Amino acid sequence: MPPVALALLPVFPAATALILALFGRRFNHTLVGLVACVGVALSFLVGVGFVSSVSGGAESTYVLGSWLSTNVVSASLALRLDSVAFAMVMLVSGFGFLITLYSIGYMHDDSEVARFFASLNLFVASMLILVLADNLLLIFLGWEGVGVCSYLLIGHYWKDQAVPLAAYRAFFTNRIGDLLFLLGVAFLFAHFGTFEMHAIATKAAGLSAESVDGNSLAAWGALLILGGAFAKSAQAPLHVWLPDAMAGPTPVSALIHAATMVTAGVYLVARLSPLYALFPQIRGVIYICALLTLVIGAVLAVVQFDIKKILAYSTLSNLGLMFLALAADSPGAARLHLFGHAAFKALLFLGAGSVILAAHHEQDVRKLAGVLKHLPITRAAFWIGCIGGVGLVPFLAAGFFSKEMVLEAVAESPLTLGSLVVSGETLKWIITAVEVLSAVYMFRLLGYLESNVPGEAAKGRHGHAPHEDSLTVKLVLGILCVVGLGFGFISAPASFGGSGSGFFAMINGGEQMPEGPSFLHALPAAIVALIVSTLTFRVFSNASKRKALLRRLANFPQSSGGPLATKFFFDVVYEAALFAPLRALGRFCASVVESVAEGGFELLGGAGQVGSALLRLVMNGKIQHYAAVLLAAVFLMLLLLPGR
Amino acid sequence: MFDFNLANCLTLSVIVFLVGCYGLLTRRSLVMILLSIEVVLNGVNFSLISFNHFLWGTREFGHYLYMLSIGVAAAEAAIGLGMAIVFFRNYRDISRERASRLSEGES
């Protein structure tokens, strides 16, 4: 493929987005979906065309033109495809295609499919720009694009009262991140004199941690960019939007809020990892925030009853894990987990979508109990997804090796922040302990869905049991089951006799896969996870045992204001510290504007009335007054003529 | 005293012009007002002829202008009289007072 084809990658979905936005209302539902699929599929095929050049280690660069060019600042519209970007392109366009295809079935009854598919296509285009751009400014374009599409898609069911609020929340949280990101870009430019990411990474790699001032512009730039990445990738304290984002349609949750967009922050920080390697203090900040996110996500996922919220908090937890790998200066492990997580979480979300579709948009797991008995393909998807998510079994679980690799990386990299120093081994055991919770929430979910006593939504309506009837939903679930299973194999390191090094090298730009965990090393945690999973599943899949357990738990003093009910007080703190003052400020401004505007308009109106009264005196409708004025004017002009 | 020269001719033209203006401002009938407008125009036309005769006797541009102006005045008078007739048909009255109260509608 010639480099010019790089430009086609985002252009195809952008073009179909435009077509759908302009003419989509006139198409029928299936045609809208097909157009959207074609756009993403073309991108995917063009991407595949680059496989030979990328596998040879070559990089393709295509410069569309100059964007900014002054004496001080210059930036070009350049797309750059190396193997890291190639892997991301495959992820975005591949999953994008599958999920668009899935949406044809999922959104079949919706009345606004054209808008939905147009936004979805625009999202894919923006995300492709984000991963292809080398220039931080161009990345910002994609960064904003995916943010807008995320907002649009979260708000798809806008008629529901809570939905627009969720969309606003996602948007505003991301605005904070965007502001920090843009400031960070400016700081990095001031220090390095370039917007090109690989140039910054190369320059940073040439420095050593001892020689760099921890208070330099570069350090502040790195910290600010981290703020943007935290908002996009939902890390504490900017994570609050992600669980609410589940208000959008389920395919959107799968594509944007699990597999691709939320990993943009991870992708960005991983790209700039040589920069972060210079600043152990900043990596300490990442450690703290990511640990917090990991814990919050895992704990809250255990107490949720909404099937999508469980998955959303699990996503938070996994994103925390990716950032932990970044904090340990191991972008390779972060990327590996990014791909593994995309594989099993997309599978789980789409499975959840299939369940929700079959149960007529019921999302409460208590009511969905036992629903999987009627849905064979979804059942397979859930089992593969849950095993993958817990990382239960090597080879069969998508997350097993990537999680182990993150843990190995963390073990070798202590946390230092100010005077606080925590050794890597300690961190590793903390994370392992938290990860046991993933076994609890995943198999609690699975237990509910496989329960022996059906919930009210699982009994079906009008005598019909819930069933899978959409062809595309079943097809995509089948394909993703294979992907989810296959990922466990292709991520296996050599120490397990696997052949993951090739895949690892591809997603990491040729970097060698580390030795990998030895089997004995990973064994204790795996056994614990297996035991916990089995126990959880057995308790939750049995209705009477489940009720007994819940009754016993209900005896714990759990006031309504407790940490679990208030999502660890984040909402309360934000409400008190941010929203209440902002609302007060807004009300104050509104009252000022109101009074000023009111007074101003009164004044304008008064002036108009006075003016018209004056004009009325002249315009009295008497012809001869007009004639007199005319003649007077003529004589006046005669008098003013320059005389001799 | 009444020599045939430019100054006297122009004085005559100004007098005709002012007579027209006076009529324009004081007549009450719309027809008379129209007539006064013609008189004003003829005052101006007379100045054109005078200038042509005394300053540029060999050419006759002033006469052409005069004929043009007469043509325009004729068209204008036709329109004005037409309007006056319609006005009279509608209101049985062609006084300027009635015309000033057009906005008040019928009768």
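# Exercises on a predicted two-chain model

In helix α9 of chain A, the buried residues are Ala218(A), Gly221(A), Ala222(A), Leu224(A), Ile225(A), Leu226(A), Gly227(A), Gly228(A), Ala229(A), Phe230(A), Ala231(A) and Lys232(A). Buried means 20 or more other C-beta atoms within 10 Å of a residue's own, exposed means 12 or fewer, and partly exposed is in between, with C-beta atoms placed from the backbone. Helices (H or I, at least four residues) and strands (E, at least two) are DSSP runs, numbered from the N terminus.

This is a predicted model, where local features need pLDDT of at least 70 and side-chain atom pairs count only at pLDDT 80 or more, while totals for chains, interfaces and linings use all residues. Residues count from 1 along each chain as its sequence is written, and chains are lettered from A and ligands numbered from 1 in the order in which they are written.

**Exercise 1. Work out how the span of α9(A) squares with the expected one, and what covers its buried residues.**

Step 1: α9(A) runs over residues 217-232, which is 16 residues. From first C-alpha to last it reaches 23 Å, close to the 22 Å expected at 1.5 Å a residue. The expected span is 1.5 Å times one less than the number of residues.

Step 2: Now count the burial: 12 of the 16 residues are buried, so α9(A) is mostly covered.

Step 3: Look for the cover. It includes α7 (162-192), α12 (264-271), α13 (273-277) and α14 (280-303) of chain A. Contact here means C-beta atoms, placed from the backbone, within 7 Å of each other.

**Exercise 2. Classify the crossing of α4(A) with α16(A), and list who meets whom.**

Step 1: Take α4 (residues 83-106) and α16 (residues 331-358) of chain A; their axes come within 12 Å and cross at roughly 5°. Axes are lines fitted to C-alpha atoms, for helices over the stretch in contact, and angles run from 0 to 180 degrees between N-to-C directions.

Step 2: That crossing makes α4(A) roughly parallel to α16(A). The cut-offs: under 35 degrees is roughly parallel, over 145 roughly antiparallel, 65 to 115 roughly perpendicular, and the rest oblique.

Step 3: On the α4(A) side sit Leu91(A), Phe95(A), Tyr102(A) and Tyr106(A). They meet Phe339(A), Ala342(A), Ala346(A), Leu350(A), Gly353(A) and Leu357(A) of α16(A).

Step 4: Sort by class and you get 9 nonpolar, 1 polar and no charged residues. Ala, Val, Leu, Ile, Met, Phe, Trp, Tyr, Cys and Pro count as nonpolar, Asp, Glu, Lys and Arg as charged, and the others, Gly among them, as polar.

**Exercise 3. Do the same for α11(A) and α15(A).**

Step 1: The axes of α11 (residues 250-259) and α15 of chain A come within 11 Å and cross at roughly 5°. The two helices are therefore roughly parallel to each other.

Step 2: Thr250(A), Ser253(A), His257(A) and Ala258(A) come from α11(A), while Lys308(A), Ala312(A) and Thr315(A) come from α15(A).

Step 3: The class tally is 2 nonpolar, 4 polar and 1 charged.

**Exercise 4. Find the backbone oddities in the loops, starting with the peptide bond into Pro237(A).**

Step 1: Recall that most residues other than glycine have a negative phi, and most peptide bonds are trans.

Step 2: Ala236(A) to Pro237(A) is cis, with omega near 5°. Pro237(A) lies in the loop between α9 and α10 (241-244) of chain A. Just after α9(A), Ala234(A) has a positive phi of about 55°.

Step 3: Asp329(A), not a glycine, has a positive phi of about 55°. Its loop joins α15 (307-327) and α16 of chain A. With 19 other C-beta atoms within 10 Å, Asp329(A) is partly exposed.

Step 4: His360(A), also not a glycine, has a positive phi of about 55°. His360(A) is in the loop between α16 and α17 (376-390) of chain A, and is exposed, with 11 other C-beta atoms within 10 Å.

**Exercise 5. Decide whether chain B is spread out or compact.**

Step 1: Chain B has 4 helices and 0 strands.

Step 2: Its radius of gyration is 18 Å, well over the 13 Å from the globule rule for 107 residues, so chain B is more spread out than a compact globule. The radius is taken over C-alpha atoms, and the rule is 2.2 Å times the number of residues to the power 0.38.

Step 3: The C-alpha box is roughly 55 × 30 × 15 Å along the principal axes, and 11% of the residues in chain B are buried.

Technical notes: Two residues are in contact if their C-beta atoms, placed from the backbone, lie within 7 Å.
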